[in-house]
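Student: Could you take me through one part of this predicted model up close? I'd rather have one connected story than a list.

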Amino acid sequence: MDSPDAVVACVDIGSTFTKAALVDLTTGELRATAQAPTTLDDVVRGVLEATAGFGDVPVRACSSAGGGLRLAVVGYEQLISAEAGHRAALSAGARVVHVAAGRLDAAGLAALGAARPDVVLLVGGTDGGDTAVLRHNAAALAGEDRSVPVVLAGNAHVADEVAAVLRDGGLPVTVCANVLPDIGELVPEPARAAIRAVFLEHVIGGDKLSADPRLRQWVRAVTPDAVLDGVVVLAGLRAAAEVPGVVVLDVGGATTDVYCVPDLDAEQAALRREAVGVPAHRRTVEGDLGVHHAVEDLRAAAAAESLPPLADDALALGEAAATVALRRHLRAEAAYGPGGSSARGVGLVVLSGGVFRHASAPGRDAVVARLAADRGGAGGVLGGTEVVVDAAYVLAATGLLAADHPGAARALAATLLP
């Protein structure tokens, strides 16, 4: 039982800024917020700067510094197992940098290596189904002169054999349940948990972000994973009030992420059974839509969507990133079939990120109005929908508290309700 004075510093180590929230674990009260520039040479310094005014309190953190978790998916064939792996990876909060389907040959291995993944998610075959491609790809990965951690989430009938091949090749392997045990049955949670564990062990636990052992003690998740957990809590509050689902648009320095937790009753009423099931909580991450570290890519993406040339203004860049990300998210949603239309007409849209947090109210309202009027897709999400701003970055903190302190997490999420 937490004492009345129990507090924790929830910290989001971002690509540009490190944001900290001091939260009362009993009431969920947000006692203080602070931020500091992320110190990419050693992110622990930035955490200490951001929490300096909080006193000697425990820290739990999430991180997307350095671009977050780069994940590649290697699957059996594109329309079923590779796509199932891709969706499971997205639900884990990873940035999917490469998807390969079928037997890996020399060109496929070169493309995989060029993507520089932190983790490879190896999938293939339903349980008791095809094993040849999974075996081949394991042998191909084991024969490479690089050691990238592998999460194995394929045909359970040969999982031990395939894991042994990978380990013999010097690759760290985490085995979990098949993401696609049967046609139409997508089971992303075991892979999501395994990816999280590998991230903590090999990325945070290594020296990529800091050699300071405190970082490993603090970090519980990659930031998009924590935010998604926070969005789920918020959507639960909305569902309890009998209002539709939630979409969160997070414009960051390196990526722009869109999270969707739809009204499940409405979705299931419209959904027909597809080859790959529709996950209840989904997100898209756009690595070329950052307002600090990917500006030139953002300009190119905006031009490809026929948007006007972008001014050198943070809010203008944020508006373009939001527009393109929402359009892409809806195109991805459409691939889910009838149940994938639920990002349109949701009950609440939450805007997150510094460009929205620091904008003037009139400037932000003007951006929201233009997004709502967008005929390229974004308007289908914002048009006629309640819109709020996560000005204190509480969604990441909510997600960090959701498992161990659900009451505090719900109270914190409730501060976002209109």
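Let's start with S306: in which loop does it lie?

Tutor: S306 lies in the loop between α10 (295–304) and α11 (314–334); helices here are DSSP runs of H or I with at least four residues, strands are runs of E with at least two, and both are numbered from the N terminus. Before going on, the ground rules: the model is predicted, so local features need pLDDT of at least 70 and side-chain atom pairs count only at pLDDT 80 or more, while totals for chains, interfaces and linings use all residues. Residues are numbered from 1 along each chain as its sequence is written, and side-chain values use heavy atoms, with hydrogens and water left out.

Back to that loop. The backbone of S306 has a positive phi of about 65°, even though the residue is not a glycine. S306 also counts as exposed, at 66% relative accessibility (exposed is over 50% relative accessible area, buried is under 20%, partly exposed is in between, with a 1.4 Å probe and protein chains only).

R116 makes a nice companion to look at. Its phi is also positive, near 50°, and R116 isn't a glycine either. You'll find R116 in the loop between α3 (106–114) and β7 (119–122). With a relative accessible area of 55%, R116 is exposed.

Now for some contrast, swing over to strand β4, residues 59–63. Five of its five residues are buried, so β4 is largely enclosed by the rest of the structure. In a regular strand, side chains alternate between the two faces of the sheet. In β4 both faces are covered: V59, A61 and S63 are buried on one side, and R60 and C62 are buried on the other.

What does β4 pair with? One partner is strand β1 (residues 7–13), which runs parallel to β4 and is joined to it by five bridges; pairing takes at least two bridges found by DSSP. Within that match, V11 has A61 of β4 as its bridge partner. Strand β10 (residues 219–222) pairs with β4 too, in the parallel sense, over three bridges. There, C62 stands opposite A221 in β10.

So, flipping between the views: S306 is exposed in its loop, R116 is exposed in its own, and the residues of β4 are buried on both faces. If you click from S306 to A61, you go from a loop residue with positive phi to a strand residue with V11 as bridge partner.
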